[in-house]
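Please find below my notes on the charged side chains of this model, set out as numbered points.

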Amino acid sequence: MKKTEAELLENQWDVDNMEVDPEVIASYVKYDVDERRSVATITFDRPDRLNAVPVAAFERVGDLVREAEADDRVKVIVFKGEGDHFGTGADAAELGHYIGYKAGTDKASRRRPAQRQRILPDRNVLTSGFTRPIIESLKATICQVQGYCYGGHFQIALSADIVIATPNARFTHPAFRYLGPAPQDMYHWIEKLGLTTMKDVMLTMRAIGAEEGERKGLVTKVVEPGELERWVADYADAIAVMPLDSLMMGKSMMQVVMEARGKGLGAMTGWVGHGWATNVAFEEGDWNFLKRRRELGVAKALEERDRLVAPYFRLSETRSAEEE
C-alpha cells in the first residue's frame, strides 16, 4: 500500500508534536460528492480552531482533489469552511516541528534541522503537495470564503479558479508575520494581485480585504453572508451545464498558457525558497516567533506580534491597552 507523506517523513519531522492520525485528519477535512449536481465538496471542519488544520491534513486536501479530478461524476470542486472562518492555514502549534525542530526546551532539541529536512515537507506537503493539484485540476474549483483566509487556506484561494467571498473576508499568509517576507508561490501572487500589492502585503504583513481583493483580481465576487451558499451553488450549477470533455479541455488549454507565463518556475519559489525562511537568523531585538511561542504559547505570541503594529496591519482584532 502506498505510504502517506506523514509516514515517509516520520523520521525527519518532529512527529511527537504533530497530528498525523488519518482518522483525526479525515474528521478535520471532509469530503462529499453530490452526484446529481456534479459537485464535490471539501470541507474544513475545525471551527473551534478557526479551521486551522494539522500540517499533514494538507496532503489529504491534495489527495481529495486528485480523487475528484478522476471521478467522472464531478465537474466542480468546492472548498468551504465550517463556522465563522474559511481557515487559518496550518496549526501554528506545529510550525517548525514539520521540518524537524524539536520542543526547544534544551540545547539538543534546539538544533537547526538540515536543509534536506526542510525540502521534502515544503515541496511534498505544504506547497506543491496540495496547491499544485488545485492549480492543475482539470475540474473547475471554487473557494467559498468567509472571515479569515490565511496561510494554507489562502494558498487554496490563490490556486482556485473562482473565489466567492463575504465582505468580512481577509486574505494573507501569516508566514510573513512569523518569519518576515518569506518566499511563496511568486507566480500566483503576482498574477492575481500584481507586483505592487504583493510587495505591500509581504513587506507590511497586512491582510487584504474582500473588496480590495475583488478590485485586484483575487476575488471573483463579494456577496452578503446570507447569500454566500447560494452564489457558490449558482456558480457550480452554471459550470456543471458544460460538457465534461469541454471543461477538461478548456482547463488544459489554460494550463498551457499558465506554463508559458511562468507558473512552473513561480511555484518552485514556494518550496525552494521556503528553506531560507525557516532558517532565518534572528538578531538581538528581532521578534522571534518560535522563541515567543515557546515562552507564551501560540495565541499569546501572535497577540503580542499584532500589538507591535498599527491596527491596519494586524491579522486579528487585537487591541493595545492604549486603544481600549
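**Notes on Asp-91 and selected salt bridges**

1. The side chain of Asp-91 has a polar atom 3.0 Å from the backbone nitrogen of Ala-93, a polar contact in the sense of an N or O pair within 3.5 Å, with one atom able to donate a hydrogen and the other to accept it, where residues adjacent in sequence count only if both atoms are side-chain atoms. This is a predicted model, in which local features need pLDDT of at least 70 and side-chain atom pairs pLDDT 80 or more, whereas totals for chains, interfaces and linings use all residues. Residues are numbered from 1 along each chain as its sequence is written, and side-chain values use heavy atoms, without hydrogens and water.

2. Asp-91 is buried, at 7% relative accessible area (buried is under 20%, exposed over 50%, partly exposed in between, with a 1.4 Å probe and protein chains only). Asp-91 also forms a salt bridge with Arg-49, with 3.1 Å between the closest N and O atoms (a side-chain nitrogen of Lys or Arg within 4 Å of a carboxyl oxygen of Asp or Glu). Asp-91 lies in the loop between E3 and H4 and Arg-49 in the loop between strand E2 (39-44) and helix H3 (57-69), so the pair ties together parts 42 residues apart in sequence (helices, H or I of at least four residues, and strands, E of at least two, are DSSP runs numbered from the N terminus). Arg-49 is partly exposed, at 36%.

3. Glu-191 and Arg-261 form a salt bridge at 2.5 Å, N to O; Glu-191 is partly exposed at 33%, while Arg-261 is exposed at 55%.
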